[in-house]
Amino acid sequence: MKNRFRLTLCIIILLFTAIGPVYSQNNVTIPGFPFVDFNVREAETNQEVALSIQLLLLLSVLTLAPSLIILTTCFLRIAIVFDFIKRALSLQQVPPTTVLMGIALFLTIFIMWPTFTQMYDEGFAPFAAEEIGIDALYTKVEGPLRMFMFRQLEGDYENIRLFMTMQDLPKPQTDLDVPTYILIPAFVLHELTYAFKIGILLFIPFIVIDMVVASTLMSMGMIMLPPVMISMPFKLIVFVLADGWDLIVRKLIESFG
């Protein structure tokens, strides 16, 4: 395969080399290979320095974009709940973590689609049409996402009070008085707490099955037999008969209503 690729590449280069002079004699221009050039020079004005700093900050933000998307959407809660399900069922390799994270991603897109649509219609579309500036774009895009996070807090402002107190900020009178850098960590802590509550409720019935199986094996004198090996099929049967995936996904989506 490598030799075939090299042969093909050599033939293409030879064709360009042989056909180029012929087309040049006939005053016919052939498309060549593109050349990309980046020039780096010293900044001459303060405006160029500011532009370079903004470019560096933008590249830094782009590297953090996946984390920002994970922590400001419903992905965190869904991913933690799915991991709890896998551990409660005593599953090691099936389903793979990549599959669970893929399902969590598409569920996140499904749940966040109205918010993303509002962010696009109110922010990016007018900005692309040159109707608003970059400052207005940030405000329009930030608004729907803040509304989503406040809606998930459900009036539980303990985490917001915690971070506001740590920053020595005055007590907010409305939601608009809460800075975004305070709202995001408060939302993350709330999602972690909510997801762990769901995980505890998921673990309880499967722990009961483990206890029953372990007690039965001890009463039969089968101490050397791992209880997990026997309890896992029973847990899978209960989970499948109860239509567990449908119930969990349905309740997760309803929890973001």
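## A guided tour of a nine-helix model

The secondary structure of the protein chain comes to 9 helices and 0 strands, where helices (H or I, at least four residues) and strands (E, at least two) are DSSP runs numbered from the N terminus. This is a predicted model, in which local features need pLDDT of at least 70 and side-chain atom pairs count only at pLDDT 80 or more, while totals for chains, interfaces and linings use all residues. Residues are numbered from 1 along each chain as its sequence is written, and side-chain values use heavy atoms, with hydrogens and water left out.

**The whole chain.** Begin with the protein chain in full and follow it along the sequence, where the pattern reads α-α-α-α-α-α-α-α-α. Of its 257 residues, 26% count as buried, a word that here means under 20% relative accessible area, with exposed meaning over 50% and partly exposed in between (1.4 Å probe, protein chains only). Among the contacts in the chain with a separation of 6 or more, 66% are accounted for by residues 24 or more positions apart, contact meaning heavy atoms within 4.5 Å.

**Helices H4 and H9.** Next, select residues 97–128, which form helix H4, together with residues 244–255, which form helix H9; the two pack at an angle of about 40°, with their axes 11 Å apart. That angle makes H4 oblique to H9, since angles under 35 degrees count as roughly parallel, over 145 as roughly antiparallel, 65 to 115 as roughly perpendicular and the rest as oblique. The axes are lines fitted to C-alpha atoms, for helices over the stretch in contact, and angles run from 0 to 180 degrees between N-to-C directions. Show the side chains of Leu100, Leu107, Phe110 and Ile111 in H4, and you will find them meeting Trp245, Val249 and Ile253 in H9. By class, this contact of H4 with H9 has 7 nonpolar, no polar and no charged residues.

**The salt bridges.** A search of the whole structure finds 5 salt bridges, each being a side-chain nitrogen of Lys or Arg within 4 Å of a carboxyl oxygen of Asp or Glu. Select glutamate 191 and arginine 77, whose side chains meet in one of them at 2.6 Å, N to O. Glutamate 191 lies in helix H7 (residues 180–219) and arginine 77 in helix H3 (residues 75–88), so this pair ties together parts that are 114 residues apart in sequence. Both glutamate 191 and arginine 77 are buried.

Stay with helix H3 and select arginine 87 and aspartate 83, which form a salt bridge with their closest N and O atoms 2.8 Å apart. These two residues, 4 apart in helix H3, are separated by about one helical turn. Arginine 87 is exposed, with a relative accessible area of 56%, whereas aspartate 83, at 32%, counts as partly exposed.

Return to helix H9 for glutamate 254 and lysine 251, a salt bridge whose closest N and O atoms are 3.7 Å apart. Here glutamate 254 is partly exposed at 49% relative accessible area, and lysine 251, at 52%, counts as exposed.

**Leucine 153.** Finally, select leucine 153, found in helix H5 (residues 134–153) and counted as buried at 1% relative accessibility. Leaving aside its neighbours within four places in sequence, leucine 153 is in contact with Ile160, Leu183, Ala186, Phe187 and His190. Leucine 153 and histidine 190 are 37 residues apart in sequence, while their C-alpha atoms are 6.9 Å apart in space.

Methods: Nonpolar A, V, L, I, M, F, W, Y, C, P; charged D, E, K, R; others polar.
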